[in-house]
Amino acid sequence: MLDLLPQFLVNGIITGALLAIPTIGFTAIFAVLRFPNFAVASHATVGAFAGLVANVYWGLPAVPSLAFAFLIAGIVGLVSDEIALKPLRKHGALTTAIASIALTIVLENIIRFFFGNELRGYDLPLVRDTRFGDVRVNPQQLENLALAVVIMVLVFTALKYTRMGKAMRAVADNPGLADLKGIDAALVGRVVAFAGMGLVGIGGMLFGLGTSIDPLTGFRFILPIFAAAVVGGLGSIPGAVLGAMIVGVGEEMSALVLEPAYKSAVGFLAIVLVLTFRPSGLLGERAY
Amino acid sequence: MRVFNLRRSFYGVRALSDARFDVEQGTITALIGPNGAGKTTAFNCISGVIPPESGSVHFAGTEITGLTPDQINACGVVRTFQIARGFPTLTVLETLLLHGDDQPGERMLTALFSPGQARQREAELLDRAHAVAKRLKLDHVVVNLTDALSGGQKKLLEIGRALMAQPRMILLDEPVAGVNPTLGGEIAERIQQLNEEDGLTFLIVEHDMDVVAQICDPVIVMAEGRTLMQGSFDDIASDARVQDAYLGKRG
Amino acid sequence: MSLLNAENVVAGYTSADTILKGVSVHADGGEIVAILGPNGAGKSTLLKAIAGQLVAREGSIRLKDKPLTGLKPREVAKRGVAYVPQEANVFPNMSIHENLEIGGYLAPREIRGRISEIYGRFPMLAEKRKEAARTLSGGQRQVLAVAIALMVAPQLMLLDEPSAGLSPVATQELFETIRSIRDAGVAVVLVEQNALDALDLAERAYILTAGRNHIGGRASELAADKDVRRAFLGG
Amino acid sequence: MLSWLFSVATFAGIYALLALGINVIWGMGGMINLGMAGFFALGAYASALATTSGGLPIPIGLALAAGLAALAGGLLCRLTLRLRGDYLAIVTLGFSELVRLVAANEIWLTNGSDGISGVPGPWRSELTPFRFNVLSFALVAAAVVVIWALTERLRRAPWGRALRAIRDDDTAAAVAGKPIRRFKIQAFALGAAILGLAGAFYGHYTSYIAPDIFRPLITIYIFLALTAGGTGNTTGAIVGAVAVVLVLEGSRFLEGWTSVLGGVQKAALREVFIGVALIAIMQLRPLGLLPEKSPGPFLKRKSR
Amino acid sequence: MTDRITTLGPNRRSVLMGGAALLATPAILRAQGTAIKFGTLTPLTGVGGTYGPSMRDAAVSVFDAVNAAGGLLGGSIEYVSEDTQTNPEAAVRAVRKLIDVDGVSVVLGTWASSVTTAVAPLCWENDVMLFCVSGADSITRLPHMGYIARTQPNSVLQIQVAGDFMLRQGSTGMAWIGPQTPFAQSSIDILAGQAEGAGIGMESLIYEADKSTYRSEVDTILRSNPDFIMLGGYAADSTVVLRDIWQAGYEGKIMGPAYAVNPSVLDALPDEVTEGVFTWEGAPAIGSTAYANVQAALGVDVVDPYSAQTYDHASLAVLAAAAAGDAGGSAIKNALRSISQGDGTEVSDALAGLEVLASGGSVNYSGASGPCDFDEIGDITGTQFLFNQILGGAPSMFERV
């Protein structure tokens, strides 16, 4: 079995990179709005379907379709947050989190209402893997990996160098002082609801690229997202990337020691292990 | 109580470095010093809220360093908080009852299956709570949630909490700050009375020097995480180092 | 008419809880005004009321004739009032440079110039510009907090116990900084525990007790006053 | 029709038990437990296995269910004692998924995804379906009343007061001399025991359990029930559970207005309705239909 | 016992008299109507949501056709559709409503084995006939007293037939890969037995459903160099596995059940990925009236096995009720085998059957999914199997057994 180790490692890195994008979205929302937004599941599905409309119905190539997925998932994220979740935030993080679960049910079924349950696939050519010695990699995966890296770089750049990005980090870091310094926390909240869910939507489509999508697409990878965010430390964006890598690589490598049917258990074990030693995850609560 | 070489840092800033002092049984000892001198941190370490990095705390000959807060409480040492920490969903009366000692109803099985015992104890505690509330002039707000109290009332409740537990030693963190002078005087008197009549030992952090002068002896001065000196109030007040540390240096 | 005029301010955190029971304070450009008094007297609450973090229930707070009462903290900040809270007054996970940039959030065009000004004034900050604020020592952090406040070129600066937890040396350095700010024409209102030091620093001072003005006057006179010594040392 | 009402009421009773269990852990103890379905499953499996392959009588199955769930609850709580709410939420969610994975994969023990059928119900074969429904309802209702009485007594007792204090501010409660760890573990274990009991009732009532039943959806329903009913309020837990079952079952009768739509669309619309209704309840009554109230001192009623 | 539906015979007068009042009363009060009531219970949401909607539509088309042609037993068929949510817990609540409120005498279309197992006892206890498409062997072994009929060949039979096919194609190393399902382990055991008999290797792997990639799982299974891989999952995960196997550069043969490698999967994947993949199913009666009816009702060229089966469920229920002269559950149960098999006139749709029955003849229904003959425990017998090969993105017939 050990001969497969390098292959599993590569698989894990690719899975991890894909996982990182929605995890960044989830953790960014947590950092600024201070609640775990379980509606990431349905927003990933929204993104996947928006991308499908752009790609299959309008014939756009992958990258513009991803941009469209970002836009639509972001808008849905913003609007649903304003209507459903924002009024509840003053009643505490957990109340809001529970409402976000109800929101997930609503959004998933709105998609089902319009698109039905059929499996749908993107109109993108598939190619076979390329071999590098013992390890095979798919060009599509490399493309996804590259996309993931580009998106991560964009997110980091935006957070690091733009005015809004800095304001976002300031609110996450010290909301009271940010308010004193003139940052409109409500506006930042809206931006983060939009951008965070937009990233989750991209994640949904990136996952969908390799599979087929249906209204339950988002649910298929919601647990790894939570696991990754917690392992990395809720609210920490570098932590999200680190956590996603740990969960991604961990899940793929688990085949060496664990029945594949228990793959999801890896995320859980990683959480328990990390939290035993660091109750706030690997990178604590640092926003950046 | 003997506190020896307590050390504790936060994020690289040393809040306590080698704090050492003794509190004799039956005294009302004051712990004074400028803000940031480490008084509250010392309280936290003594009461088990945060563990010290090194050093030790002994109470009545037993080492209590590193015990959990409830274990320290069980040894007879209770404390109050500087900023009154109310339980938002508990009423004043419930808060007082909560601090009553030896309530068998806090054991799950007793509460479920022999409530009689718990009720009997509750009745005793209720009498005590009403007495405490009356003494602290909280009797008209006993049914209010603690969140709805004014700052001064919260302060009083802090003291009430300490009184309910019938401890051997009470650590008071700024018992009269934010309370009007008349009430402050009453609190001070009450402390003195408890000390004289019940033999309770007090360790008090306080900035109100009237109160300190009136009831405390000895006084311990802390600055920059260390014990500066220990002595009677007059000794302290006339000491140049203390004036420097506490009032600030001139020029 | 002074720059800051606070008259008979009544405020508290909850409706049941009135901490300020009628406090009046005023301050002018180029002077340091110290607010002193025992813990719980309402000193910090007063600053919060001025900065807009608490709504004054009665009384008026005006900056150069324009009322501040009822404005949100960021609107107060826009009028040129910089408030430095006692705690959590920097962004711990952001670099020094970014802290300053956020400080100048309301005046984006002037950020560059002001930051270089501040680096000139506080070489320590320039040196550590890329480091996260959480790595600073207590004194350095207070300097950064003040520097963040300076980023908007305020007319009035409110400092809440800036010397808390600082060593004497750090305190003296910080006070030097405050003096230089005063000298630049800014009105500084500071709350202090370090009473005599504060009186030494300030031109004027108010002593509050139990939410009301107790004594006020020139700092040098107050420093010699028996009443003041009593308030702080009981003697 | 009547039979259906009894059956819906039985489900409402099982939901109410679940809500009461969660109320002890979350409402009274402040510990979020999104792993509810896991304890529900543990109880269901324990009792089903004990009474089918174990051949034991149903009451022993119920006791085993509660006991096993309590044990697991205590252990999980011990393991997660230091975690903050949102972390705890995700860890417990992972726990329930782990339980489901084990139930699906350890065929030797749980019969895998085939599930366990023929779980005995009390006098099921001797009674008509209608009478069995009535009996089940009576038994579940009795259990709800007993558990309600027990948890309400605990809530009013000094035990509940201390637990509430810990929920509000555990440092201050510790300083007040309350052993936080003991209280939290007790509350978690007790709540888990109730969840396990509910699982056992579920199995004996429907006669069949399978891993698919214990997907997180049911946890969501119960949390929504408790939030709608009033977190921390024992009676509210029951009211909320009944409200959620009414929404779930009542929404089946929306059919009439939607005759132009296809089957999927109707089903989707029904679930949208459920979600919107629950969010609306939370927004309109954020503290729940019956907000938590302080019980006052633990004395006999007449003396109060 | 007031709620029990024991007689649901034709009672025209009450229908007529009650008609006006019924329109004015809410559905909930109409529970014990005297109309003929059938219920569909398919997965409209949840994992099975891919299949359930068309299953429902296929069944409903039968009822609509019968009603349009004058109804059944002098009345018209009322049908109620509920959603299993692919979740036994929700399905139990749904079937309760169907039985106790709507008073249906037939429930048809349950898909997931766990759902069927969960609702079955409620059906047989209430004299309700249950038609299902679930494959788990354990279902027909339940003590159902004849109240279950299954149109899906049981999994033992399916796997044996498929394994034989793989050996016939000259497999020198078999592999099975699929999620944990009620028939995962039995599938592996059967294949392993067949492989051992043929003296070839057999590798298997059970993965976790609902993952977005199975690359590592595929790598693991390919280590044994199989030349014939059998898929054990459903449509969603099979899409992923097929893609991953193809991308891994596998050149051997693949086969999967027709419900997993279905038109939507073929649609979602590029043709080259599915090229040459074998599928198998209980042979549908392509070209029959029934099959054509389903094609028309669903507007598709290739009818998926489950929709064909629910179409037959509906037809069987209608014909059994007509033959018994009683639309009650026990009557349908007792009459089922008299119209599904035997020497009667062979008919392929309900309308034709009703005509024959009306004229006093007897029928042998043979529907869209095949001949629909049942053994004593309700399993389908005499099923022929159809093997297709996917060529150019569409199935083409390969072999019929």
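Biologist: Arg168(E): buried, exposed or partly exposed?
Modeller: This is a predicted model. Arg168(E) has a relative accessible area of 45%. Exposed would need over 50%, and buried would need under 20%. So the class of Arg168(E) is partly exposed.

Biologist: What class does Glu399(E) fall into?
Modeller: The relative accessibility of Glu399(E) is 22%. The limit for buried is under 20%. Glu399(E) therefore counts as partly exposed.

Biologist: How far apart are N and O in the salt bridge of Arg168(E) and Glu399(E)?
Modeller: The two side chains meet in a salt bridge. The cut-off for such a pair is 4 Å. Here the N to O distance is 2.4 Å.

Biologist: How many residues apart are Arg168(E) and Glu399(E) in the chain?
Modeller: Arg168(E) sits in helix α5 of chain E, residues 155-168. Glu399(E) sits in strand β16 of chain E, residues 394-400. The pair links distant parts of the chain, and the separation is 231 residues.

Biologist: Which residues are joined into one network by salt bridges that share partners?
Modeller: The network takes in residues of chain A and of chain E. Its members are Asp129(A), Arg136(A), Arg215(E) and Asp219(E).

Biologist: How many salt bridges are there over all chains?
Modeller: The rule accepts a side-chain nitrogen of Lys or Arg within 4 Å of a carboxyl oxygen of Asp or Glu. Over all chains, the count comes to 46.

Biologist: Which helices does the salt bridge of Glu82(A) and Arg190(A) tie together?
Modeller: The closest N and O atoms of Glu82(A) and Arg190(A) are 3.1 Å apart. The two residues are 108 residues apart in sequence, so the pair ties together separate parts of chain A. Those parts are α3 (residues 62-85) and α8 (residues 185-210).

Biologist: Which loop of chain E holds the partner of Glu251(A)?
Modeller: Glu251(A) forms a salt bridge with Lys211(E), with the closest N and O atoms 3.2 Å apart. The pair crosses between chains, starting from helix α11 of chain A, residues 237-253. Lys211(E) lies in the loop between β7 (201-207) and α7 (215-222).

Biologist: Are Glu251(A) and Lys211(E) buried or exposed?
Modeller: The class depends on relative accessible area, and buried requires under 20%. Glu251(A) and Lys211(E) both count as buried.

Biologist: How much area is buried between chain A and chain E?
Modeller: The contact takes 39 residues of chain A and 40 residues of chain E. Carbon and sulfur atoms give 50% of the buried area. The total is about 3300 Å².

Biologist: Which three residues supply 22% of the area that chain A buries against chain E?
Modeller: No other three residues of chain A supply more. The trio is Leu119(A), Leu126(A) and Arg128(A).

Biologist: Which element gives the largest share of the side of chain A that touches chain E?
Modeller: Five salt bridges cross this interface, and 22 residue pairs are in polar contact. Elements of chain A that each supply at least two residues include α1 (5-33), α4 (93-115) and α12 (263-277). The largest share is four residues, and it comes from α1(A).

Biologist: How much area do chain B and chain D bury between them?
Modeller: The contact draws 33 residues from chain B and 35 residues from chain D. Carbon and sulfur atoms carry 64% of the buried area. The total is about 3000 Å².

Biologist: Which three residues supply 22% of the area that chain B buries against chain D?
Modeller: Any other three residues of chain B supply less. The trio is Glu106(B), Met108(B) and Arg119(B).

Biologist: Which residue of chain D pairs with Glu122(B) in a salt bridge?
Modeller: Three salt bridges are counted between chain B and chain D. In this one, the closest N and O atoms are 2.7 Å apart. The partner of Glu122(B) is Arg161(D).

Biologist: Which residue stands opposite Thr110(E)?
Modeller: Strands β3 (residues 106-110) and β4 of chain E run parallel, joined by four bridges. Both faces of β4(E) (residues 129-132) are covered, with Leu130(E) and Cys132(E) buried on one of them. Opposite Thr110(E), in β4(E), stands Cys132(E).

Technical notes
Residues numbered from 1 in each chain as written. Chains lettered and ligands numbered in written order. Predicted model: local features only at pLDDT ≥ 70, side-chain atom pairs only at ≥ 80, totals over all residues. Heavy atoms only, no water. Contact = heavy atoms within 4.5 Å. Buried area = accessible area lost by both parts, 1.4 Å probe. Buried < 20%, exposed > 50% of the residue type's maximum accessible area, 1.4 Å probe, protein only. Pairing = 2+ DSSP bridges. Polar contact = N/O pair within 3.5 Å; in protein donor to acceptor, adjacent residues only side chain to side chain.
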